[in-house]
Amino acid sequence: MTSPISLDQLEAKDDFIRRHIGPNEADQARMLAAAGADSLEDLTGQIVPESIRLDADLNIERATSEADALDYLQAVARQNKVFKSYIGLGYHDTQVPNVILRNVLENPGWYTAYTPYQPEIAQGRLEALINYQQMVADLTGMDLANASLLDEATAAAEAMAMAKRCARRNTSMTFFVDENVLPQTLDVVRTRAEYMGFEIVTGPLETAADQDVFGALLQYPGANGELRDPEPVIGQLHEKNALAVVATDLMALLLLKSPGEMGADMVLGNSQRFGVPLGFGGPHAAFFASRDDFKRSIPGRLIGVSKDTRGKPALRMALQTREQHIRREKANSNICTAQVLLANMAGFYAAYHGPDGLRTIAQRIHRLTGILAEGLEAKGIHIVNSHFFDTLTIDPQGNRDLILERAEAKQINLRIDPKGTLGISLNECTSREDVEDLFDVLMGDHDFNVAEIDQQITDQGTTFMPENLERSSDYLQHPVFNTHHSEHEMLRYLKRLENRDLALTHSMISLGSCTMKLNATAEMIPVSWPEFGRIHPFAPRSQTKGYRVLLEELDTMLRAITGFDAISMQPNSGAQGEYAGLLAIRRYQAAQGESQRDICLIPQSAHGTNPASAQMMGLKVVVVKTDAEGNVDLDDLHAKVADAGDRLSCLMVTYPSTHGVYEEGIRELCETIHKAGGQVYMDGANLNAQVGVTSPAAIGADVAHLNLHKTFAIPHGGGGPGMGPIGVRSHLANYLPGHPVVGSMLDMNDQGSVSAAPFGSASILPISWMYIRLLGAEGLRLATQVALLNANYLVARLKDHYPILYTGRNHRVAHECILDLRPLKAETGITEVDVAKRLMDYGFHAPTMSFPVPGTFMVEPTESESLAELDRFVDAMIRIRQEIDKVGRGEWPADNNPLVQAPHSQQDLIDDWQRPYDRQTAVFPLPWVSQGKYWPSVNRVDDVWGDRNLFCSCPSPDSYIEE
Ligand SMILES: *Cc1c(COP(=O)(O)O)cnc(C)c1O
C-alpha cells in the first residue's frame, strides 16, 4: 500500500497555477527535451542575460485559490457604497440590458477576440461595430463615425489635433474651448495642447469666433445642462476657415437637433449611457464622427464595407494602411487599442431598443427632469439654466450644506460645483420615487407630487427645450435597429454574430506582441459586480473605499513586479501610457531647466505607437538602426546620442525587443542614454517575458507602461478595452498625471491629466488584481518561464520548415519568434497573406503579420497554451509548408491552389467543384480540423476595393441577397 497523501499535498494539486499554465509538468519535460534544455531554470539561464536577471523572488504573496480570492475581493468591493448618482458630467447610470450583459460583456466569445485585422474571421464584431458607427452617424447627423476612441476627453484632444490638420488655410495656433465644457475634457485638452504648441482660450460658446482660432470645441448641451444653439457660431467659425467641434450626448440627441444639421465638422462624446456600466470611469466607448471631407484624417479605426472574392458584401477595417502611417510623421494619432467591446454594447443597446424605444427612454428622462424643474421653481428655487434636456443647475442660496446633508442621508450624489451651485442629472434608471426623493433633498418640507406636476405639464403644454433645437430629423431607420426588439430575436442576433468570429474560445491566437493569454473566468467575474460597476468616477472619497483598496493593492503588486517607485493608473491603453510617460519625462526635464531636450530616439523595430506618441509630445523622432541580428545598433546609437547633444530627451525601447530577443546590450544602452542626460522609456508590451525574471527598473528604465490587457490578463475585447498604467522611478513620480475634478480628494499630483477619469478604465482593474493574486509570486515567474518554453518549443519544431529571423544568446528566442516567409514568397509567389488566410481553414488566427518586419509572422504562444494546442498549430504550419512546396514544384497552379483560394467557405463546397485540389484538402486539411470546424463566414475580402470605395455605414439588407 502506498502511504496516504497529506492534506498539503492534496491542496497543492488543486491550484489555479496549473490551470492557467497550458503544459503540465510531464509535457514541460517533453518540450524541454525537444528544445534542448534540462529544466525551466536551465532554459531561462540560456535565454535571459545574466546582467539583468533578478536574484530574489518577487515580493508578492503566494497564490490564492479562486474561491478565496473572490471572497476577499467581494469584501473589498463591498467597501464601495453604491449611491444614486446624479453627478452627470458625461457619466450617467444606465440599465445594461441583461441579454447584452450576459451574452456580450460576460461572454468570452465576444470579449476574448482580437482587433479584427483578419476580417474573414471577424465578420460578427465588424457588423457590431458598423452598427455602432451607423448609430453614431445617425444621431450626430454626420456622414461617418469611427469605431470608438478611448474617452470623451481624449476624443476632444484628438479633434483639436485633427482640426489643425484639416483647417489647412488657417494659420492660427489658437483653439477655443467653450467654458461650459466638461471640466475633465478641458484639462485633457490643455495638457495635449501644451506640447503641440497650441494656445487654449475659453469663454462663452457665443464668443468662439471672436478671436483668430483654427477650431473651437463647443459642448451641447453644456456641462451645467444649458442648451444654447451652436449653429450661428459654427457659421462664424467657417467664415474664418476654422473648424467646429461639438462635444455632445447621444441620449440628448434623440430629442435635439443634431450637430450635423448645424454644420459641425466633428462631433464627439461618450456612449457610456447606452448600456455600459459607470465602472468608476470606464471602460466606455467614446464616439467620434466627422464630415465626409475629412474621412482620411479621422483618428482611430474605421470599419468599412468591401466585398469578398464572390462579390458578397464583407466588412473590414478600412484604410488599414493608415495604421502603418502611425510609424512616421503621417500619424493621425497614436490610437491602437480602443474600446471595441463597449462600442459593441452601445450599438446593441440601440439595436435592442430601436429608435422608438430609445426616444421613449430619452423622453422619460426629459419629462422627469421637467417635473423636477417645475417643482423646484414653484418652491422658488432658482434654476441657473433656462433650458435643459436632463440636467439642472441650481443656486442653493445658503442651503447648500443642508441639501448635501439630506442627500447624503438618502444616499444620493449631486454635482457640487466649485462656484457653489449644485447640479442634478437624471438618467435612465431614475424613477418617480427618485424624483420625490430629490424634492425632499432639495426642498425639505414640500407638498409636491410627481403625478400632479406631470399632469400640469401635459395640460399646459410646457416645454423645456428651445423650439428651434427640437429634433425633426429621423434616425436609426436601418433594419438592424428595427428588428431585434424581442429578447429572443436579440439573443439569436448576438449569437449569430458571435458565431462568425474566431476568438480564444476556438483556438490559440498567437499574435506576437499582443499576448493573447488565458482570460480566466474567475478573473472576469468581479467586473459585473454592481459595487464596481455602479460607481460614478467623481463619487466622494467616502464611497469609494473599496476601489481605493483595490488600487492600492494593485499598485503595490505592480511596483513589486516592475521595480518602480510609483504607478499611475490613469492611461487607458498602452499608447496612452506612452504619452503619459513621455509627458512625465518632459515635465521633469522642464523642472530641471532642460526643456530644450526635445529629441526622442526610437529603434527601427519599434511599434508604430512609439513615434506617434513622441510626436504628440512635441518630440522630434530620430530613428536608431538595428543590426543584422535585429539588435539596436550600438554604434549608431552612440552617434545619434552625440548628434543630439543636450537636446536628447529620451530613448523609447521595447524589451525584449519586438524582434523577440533579449538584447545583451540593453544595460549599455540605458547607461549611454543616462550619461548623456536622457531618460529611458520602456515600452512594456513585452513584459510577459520579464515578470519574475527581470524587471524594467532592473534593466535601467526610468518609466514604462504595462499593457494590462496583454501581460495581466485583461481580455482584448475585440480591440479594447485596455489599460496602460505607467510605472516610474522616484524622480518622475511628481510628474504623473493628476485630475481636475477629484485629484485633490484622491491625493493625486497637481498636474494636468491624460484621461477623462482619474484611474482610466478602473472597473477592469479587478481582472489584473485577480490574475496576480491567483498566480502569486511563484506562478507569475513560472508563467514567464513557460512563455519562454512555449516559444522555444515552437522554434524547435518549426525551424526546419520556416527560417527563424532573429535569435539571441544561445540561438534562443524570448517569448515570441519571427518566422520569415519572404524566401518562400520569392520562390513560389505565395505571400504571408495567403498563409494567414490558409490558417483560417485549419481553425487558427494568423500570428502578427508584417510587424515588425514586412513579409513575416511573429508568433507568441503565451504560457497558457497547452502542448496539444501548440502541436496542432505546428502541424498546421508544417502542412501549409508542404502545400507551398507543391505550388513551388508546379503540382498546383500558382493562381489556383488551397493557399491563394483561402479561406474556404461553405459556399465553395456547394458550388460545382472544379479545382486542382479536392474538397477534403480545402476544408478538412488535417484529421482534427473536422472535429470542431470553424467556418469563415465570407471568402477572402478585397482590401483595395474597400479603400477605393470607402463606405462606412451599414450596407442595405438588399445588398446581401444572392443573385
Ligand atoms: C500593443 C503594443 C503597443 C500599444 O498598446 P495599446 O494598448 O494597443 O495602445 C505598443 N507597443 C507594442 C510593442 C505593442 O505590442
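Hi everyone, this is a short walk through the sheet and the nonpolar cores of one structure. Please keep in mind that what we have here is a predicted model.

Let's begin with the sheet. It is open and built from seven strands, which follow the order β2-β8-β7-β6-β5-β3-β4, with mixed pairing. At the edges you'll find β2, residues 144-145, and β4, residues 199-203; each has a single partner strand, so one side of each has no neighbour in the sheet.

Now let's look at one pair inside it. Strand β3, residues 174-178, and strand β5, residues 215-220, run parallel and are joined by three bridges. If you want a spot to click on, try valine 177, which sits opposite leucine 217 in β5.

Next, the helices around these strands. Helix α10, residues 183-196, packs on the sheet and touches β3, β4 and β5, and its direction makes about 155 degrees with that of β4. Helix α9, residues 152-166, lies across β3, β4, β5, β6, β7 and β8. Relative to β7, residues 266-270, helix α9 runs at about 170 degrees.

On to the cores. Which residues touch the most other members of the largest nonpolar core? They are Met135 and Leu414, in a core of 253 residues. Helix α14, residues 340-378, gives this core its largest share, 20 residues. Leaving aside residues up to four places away in sequence, methionine 135 touches Leu250, Phe274, Ala346, Gly347, Ala350, Leu476 and Phe481.

There is also another core, apart from that one, with 37 residues, including Ala159, Cys166, Phe175 and Leu186. Thanks for listening, everyone!

Technical notes:
Residues are numbered from 1 along each chain as its sequence is written. This is a predicted model: local features need pLDDT of at least 70, side-chain atom pairs count only at pLDDT 80 or more; totals for chains, interfaces and linings use all residues. Side-chain values use heavy atoms; hydrogens and water are left out. Two strands pair if DSSP finds at least two bridges between them. Helices (H or I, at least four residues) and strands (E, at least two) are DSSP runs, numbered from the N terminus. Contact means heavy atoms within 4.5 Å. Axes are lines fitted to C-alpha atoms, for helices over the stretch in contact, and angles run from 0 to 180 degrees between N-to-C directions. A nonpolar core is a set of buried Ala, Val, Leu, Ile, Met, Phe, Trp, Tyr and Cys residues joined through side-chain atoms within 4.5 Å. Buried means under 20% relative accessible area, exposed over 50%, partly exposed in between (1.4 Å probe, protein chains only).
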